[in-house]
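Here is a friendly tour of one protein chain, written for someone who likes to think in contacts and charges. Have a look at the sequence and the model first, and then read on.

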Amino acid sequence: MADSVQLGVIGGGMMGEAIFSRLIAQGQYAPEKILVSDPVSDRRNYLTSTYGVQVTDDNRAVISSECLLLAVKPQVLSQVATQLQDVLSETTSPLIISILAGVSLTRLEAIFSTQPVIRAMPNTPATVGWGMTAIAGGARATSEHIRQAEHLFQAVGEVVTIPEKWLDAVTGLSGSGPAFIALMIEALSDGGVAAGLPRTISQKLAIQTVKGTAELLQQTGWHPGELKDRTTSPGGTTIAGIKTLEKNAVRGSFLSAVLDATRRSQELGQLD
């Protein structure tokens, strides 16, 4: 079965599904050329019935693919590595792409000692094709391997190639950021309800406001502070709201959230 596999995926969770489903939708891979390993039978049944991919509960079957995506929790990497050790060899050399938060290239290359390795950090908007992924190549990753990884993650959004030393910060910012933004949208929506708006209207207003603001900044290239200044007027409503946000240290809270998430990414990289 695995001899014909072009893309292997260890871990059939949300992010793994997001990536290979977009690759299928864009015609980059035929479903039958993808093999996904997952320990949960219901999940395997769902993936094969929904996308037509091959599935297995044996991680060793995936190693002979041309490209292998590691999409498991960082805490189970050691278990996966133990399962793969007896089939890793110099004659089995797929490109290894890891999306495991906090797991360094040094640790990955110690496990995959003869394979080219790339470390990547996508985020959850990848599930709808609006992701942000940062990648960093290991010692055996060539420019062609980098291009292959960039092409793969472009299926789910934007891609940047960076030094590995920045990846924990990327995890703290764009990796964890969607949850921070979701919290902000929920709070804005609650504020609208408190001011008398129906919940459905309030949430729609909040979501579109955040989406539109991001697109405006993207298209104009304005600094966020410039947009803030353009939106405020002397003695107006916006500056009154900003005064409250600054009083409650919202800006500092977002900054601290990114730093705390970055530190947690570093901690996860130390777990076995």
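## A buried glutamate and its surroundings

With a relative accessible area of 12%, E17 counts as buried, since the cut-off for that class is under 20%. This is a predicted model, so please read every value here as computed from predicted coordinates. E17 belongs to helix α1. Which residues does E17 touch, leaving aside those up to four places away in sequence? The answer is R43, Y46, L47 and Y51. Two of these partners also appear as polar contacts: the side chains of E17 and R43 are joined at 2.5 Å, and the side chain of E17 makes another polar contact with the side chain of Y51, with a value of 2.5 Å.

Helix α1 spans residues 14-25 and also holds S21. Is S21 buried or exposed? S21 is buried, at 16% relative accessible area. The side chain of S21 reaches back to the backbone oxygen of A18, at 3.1 Å.

## The chain as a whole

Stepping back, the chain is built with eleven helices and eight strands. Along the principal axes, its C-alpha atoms fill a box of roughly 70 × 40 × 30 Å. Of the 272 residues in the chain, 40% are buried. Among the contacts with a separation of 6 or more, 64% are between residues 24 or more positions apart.

The accessible surface of the chain comes to about 14500 Å², and carbon and sulfur atoms account for 56% of that area. As for charge, there are 21 positive and 25 negative side chains. The centres of these two sets lie 9 Å apart.

## Salt bridges

How many salt bridges does the chain have? The count comes to eleven. Three of them are set out here, with the nitrogen-to-oxygen distance for each.

| Salt bridge | Distance (N to O) |
|---|---|
| R119 and D168 | 3.5 Å |
| E226 and R230 | 3.1 Å |
| D229 and K228 | 3.6 Å |

Take the pair R119 and D168, whose side chains meet at 3.5 Å. R119 sits in strand β6 (residues 117-121) and D168 in helix α6 (residues 167-175), so this salt bridge ties together parts that are 49 residues apart in sequence. Are R119 and D168 buried or exposed? Both are buried.

The pair E226 and R230 has another setting. Both residues lie in helix α9 (residues 224-231), and they are four residues apart, about one turn of the helix. E226 has 32% relative accessibility and so counts as partly exposed. R230, at 52% relative accessibility, counts as exposed, because that class begins at values over 50%.

In the salt bridge between D229 and K228, the N to O distance is 3.6 Å. D229 is partly exposed at 48% relative accessibility, and K228 is partly exposed as well, with a relative accessible area of 37%. Some salt bridges also share partners, and in this way R119, E164 and D168 are joined into one network.

## Two more places to look

A249 is worth a moment if you like backbone angles. Where does A249 lie? A249 is in the loop between α10 (237-247) and α11 (250-268). Its phi is positive, about 60°, although A249 is not a glycine. For context, most residues other than glycine have a negative phi. A249 is partly exposed, with a relative accessible area of 39%.

Finally, consider G177, which lies in helix α7 (residues 177-194). With a relative accessible area of 11%, G177 is buried. How many residues separate G177 and Q79 in sequence? They are 98 residues apart along the chain, and 29 Å apart in space, taken C-alpha to C-alpha.

Key
Residues are numbered from 1 along each chain as its sequence is written. This is a predicted model: local features need pLDDT of at least 70, side-chain atom pairs count only at pLDDT 80 or more; totals for chains, interfaces and linings use all residues. Side-chain values use heavy atoms; hydrogens and water are left out. A salt bridge is a side-chain nitrogen of Lys or Arg within 4 Å of a carboxyl oxygen of Asp or Glu. Helices (H or I, at least four residues) and strands (E, at least two) are DSSP runs, numbered from the N terminus. Buried means under 20% relative accessible area, exposed over 50%, partly exposed in between (1.4 Å probe, protein chains only). Contact means heavy atoms within 4.5 Å. Accessible areas come from the Shrake-Rupley method with a 1.4 Å probe; for residues, only the protein chains shown count as cover. Lys and Arg count as positive and Asp and Glu as negative; His and the chain ends are not counted. The place of a charge is taken as NZ of Lys, CZ of Arg, CG of Asp or CD of Glu. A polar contact is a pair of N or O atoms within 3.5 Å; within protein, one must be able to donate a hydrogen and the other to accept it, and residues adjacent in sequence count only if both atoms are side-chain atoms.
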